[in-house]
Amino acid sequence: MDQRIVDLFREAIGPDAVLTEPVQLVTYECDALPHLRSLPEVVVLPRSAADVQKIVRICDREAVPFVARGHGTGLSGGALPVPGGVIISLARLNRVLDVDIPNRRVTVEPGVTNLEITRQVAPFGYYYAPDPSSQQVCSLGGNIAENSGGAHCLKYGFTVHHILAVEAVLPNGDLVQIGSPLADAPGPDVLGLLVGSEGTLAVVTKAVVRILRKPESVQTLLAAFDSISAAGAAVSEIIAAGIVPAAVEMMDQVAIEAAEAAVHPNFPPADTILIVELDGPSPEVAELFGIVEATCRQTGATRVEIARDEAQRQRIWKGRKAAFAAMGRISPNYYVQDGVVPRTKLPDVLGRIRQLAERESIRIGNVFHAGDGNLHPLICYDERIAGQSALAERVAGEILIYCVEAGGSITGEHGVGADKTEFMPKMFSADSLDVMQSVRDAIDPKRLCNPGKVLPTPRLCGEVPGPYREHPVERAGLAERF
Amino acid sequence: MSVSEALRQGTSEDAVDGVVPSQVALPESADGLARLLADASRRGQHTVLGGGGSKLGWGRPPARIDLAIGTSGLDRLIAHRHADLTVTVQAGMTLVSLNRQLAEHRQFLPIDSAFAAATIGGIVATNDAGPMRHRYGTPRDSLIGVTLAMTDGRIVKAGGTVVKNVAGYDLGKLVSGSHGTLAAIVDATFKLLPIPLASTTLVASYADGKALARDVAALHASQVELTSFDIVSLNQERWILLMRLASSPAATTAQAAEARRLLSSAPTTVNAEEENALWSEHIQAPWAGEGTVVRFSWSPSSLPAVVELLGGVSRHGCQVPVFTGRTIGAGLVRLTGEDSSIAAAITELRASRAVGHVVVLRASRRLKELVDVWGPPTGANEVARVLKRTFDPANILNAGRGPI
């Protein structure tokens, strides 16, 4: 980048807020999808919305592409630096601005972590519902960009259902208020468009989020099954009984083995493990939980374990949430895929994935949100063996095709980012993609706001697909892949 | 059938807010709808999209309408994937008809409307929601996919048929609340819910709004999970709280007992058919008589201030026969009296810090000339206007009438 532009950034927001030394920049070369990496030339660390505006205005005037970044835990390369561009890190915008318990809302800056919101309101008996497994470290700004979900979104929805309003800097530098803390703002739901747009339409500088009353009761059980179809039948019966669980998770044998090796949750021997959690008012949970337990037994569960206390519940969730990171115990490298199928197609698609694994002689573990059909196949490989990295990538891509063929989606929660743009045409027609591009061009006519992400364009230079490497936050034990 | 054959002359029965459209079209296919839009765009024809017509009068008064497109020919249920709890339905099907069909599998779309004629397309386009929004949100919260006909004649999709999906821009959200200004909704896909096994409604009466507001605050802070939770005030004299609990049988009974314990006024219980009739009457109350209907919202903690504000509105010479409010802070008020008095009341509501987003839904043409129905534009509206120019460059869709 032209030194003149770097100087403009320094003048605008101060020399200590502009990083250009390679040793400082290396942190920003990738997010938690480390096989896509590119060293940025400049990183800026604004302290306020006004700082963000100043940077974006310079970018607009000088035609410099920019990429907003939260805490770098994204799993689709959404925060991958763009050649010739600047990374706008929102890490210093990390203040909780207002906690309004009577009106159930909290106002924060985008660098506040997801879990910090819950920490702020927990003493009053409230929580922030979306719970991506990186919630200890991921930023709310990143959650808004990705429309993050989590294990409990079956009942509680995604980030888009919990954001009431944002303040954002548009690609032309204008600061706008989108949405409203009050209901029924007239007009198109622009906020709903912005949430999940993966940082391609604006840079969020403030958000008002909805908080919920902490459920009075939570009950969790783990059921062991001899087959995925038996576990799938249990889920179908539970839902047919009129129950919407807070979470329904499944793990297959490979994932169970990995979890046992890593965190010893002491899961019973099983082909498939089903975890069901109900929450809500105590009488409701007590009554419905009995139905869930009976259903699991009737559909052939070989064992049902009920969490008797919070410690047992945490043990079950630890085994589940550790499954991704745990793959490292049984495989030198692994690739995490994220796809969605209609829930009833789970057994078929998992059957196809098992056949694929056999055909390609590659191990694939499966961990998924069974209630909403969101699959997370974990493709095991060894990058030291020639051709295995490419094979893993090809297998991961083929699984996405299965998802689309089953009527599903190429991403349920990790986003398209830089990783899956080539798969967008498998899901959407050229006309549909063209209209989406026209939305983007209307708001970002100079194509400077996180270019190359979400919608298909030629691959970026410097973007070399490669094997998984542990992210620094994972290595430090701060985050797990979910 | 060619586009021209599908067109007929408009009659007084087709009037939108008193203006008779020159031509009317009722396409029976997505392609037919898209061709009509492309044709209207080329000719610069002011076009109004309508479903059952229940909310077609909302918006600024039209200067002229060249073409009214109705979706009555696009009223099929495309797929009810009951085991996946999703449905795809064409825009012209009514909510009533859809929920009747979903009930065959003990499922429902958790949206309620005051209007029997309301179609899925109109419900999405207005994002209009009834008391159930307390628990389930507005239509945009259940919407997971859309097919749109664009003004250039293209048919595009966004979202999908699975409940969890973050691929691409969510154009379904964008058309939610767009009031037919951006594109025509061809079909919509929603996530569904099982019909709760049991339901009961408590009705508590109060002599004044302040006492009611205290009970609302107590319930709001409790663990009682209500599916619908509404306030009604009739002539500012009777204040009523309606609370619906729907869950498993034992849980419904236990929750009702807990709610009863928290209330300062002993409620009556309404069940079964009487319960449905009560809610149906309640949701229609703001619309059931003559007068102007205004929508507005507030922060839940401002409810006492809202009660006071409405009490003072009669100062302008108008009456407040009905006010209904959701406890999340969204409500409707019906005002009767001279247009000038009502306009003064609306101006006062807009000036108050206790309420926001004061939108005039049903009003006489004269009143619409006295006050802007939408109120001041929001930041989101400014972004939406940029998108409007992209989606509808000839500015044909609900031109001058909608919120953008």
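**View 1. How much of chain A is buried.** In this predicted model, 59% of the 482 residues of chain A count as buried. Look at who touches whom, and the contacts reach far along the sequence: of those in chain A between residues at least 6 apart, 72% join residues at least 24 apart.

**View 2. Chain A from end to end.** Count up the secondary structure and you get 17 helices and 19 strands in chain A. Its radius of gyration comes out at 22 Å, close to the 23 Å from the globule rule for 482 residues, so chain A is as compact as a globular protein of that length. Measure out a box along the principal axes and the C-alpha trace spans about 70 × 60 × 45 Å.

**View 3. Domains 1 and 2 of chain A.** The domain assignment splits chain A into domain 1 (1–214), domain 2 (217–324) and domain 3 (331–439). The C-alpha centres of domain 1 and domain 2 of chain A sit 34 Å apart. Where these two meet, domain 1 of chain A puts in five residues and domain 2 of chain A seven. On the domain 1 side, that means two nonpolar, two polar and one charged residues.

**View 4. Chain B against chain A.** Here the contact draws 70 residues from chain B and 70 residues from chain A. Elements of chain B that give two or more residues include helix H6 (139–142), strand E9 (155–159), helix H9 (249–262) and strand E19 (356–362). The largest share of the chain B side, nine residues, belongs to H14(B). Sorted by class, the side of chain B that touches chain A has 34 nonpolar, 23 polar and 13 charged residues.

Key. Residues numbered from 1 in each chain as written. Chains lettered and ligands numbered in written order. Predicted model: local features only at pLDDT ≥ 70, side-chain atom pairs only at ≥ 80, totals over all residues. Domains from an automatic or database assignment. Nonpolar A, V, L, I, M, F, W, Y, C, P; charged D, E, K, R; others polar. Helix = DSSP H or I, 4+ residues; strand = E, 2+ residues; numbered from the N terminus. Rg over C-alpha atoms; globule rule 2.2 N^0.38 Å. Buried ≥ 20, exposed ≤ 12 C-beta atoms within 10 Å, placed from the backbone.
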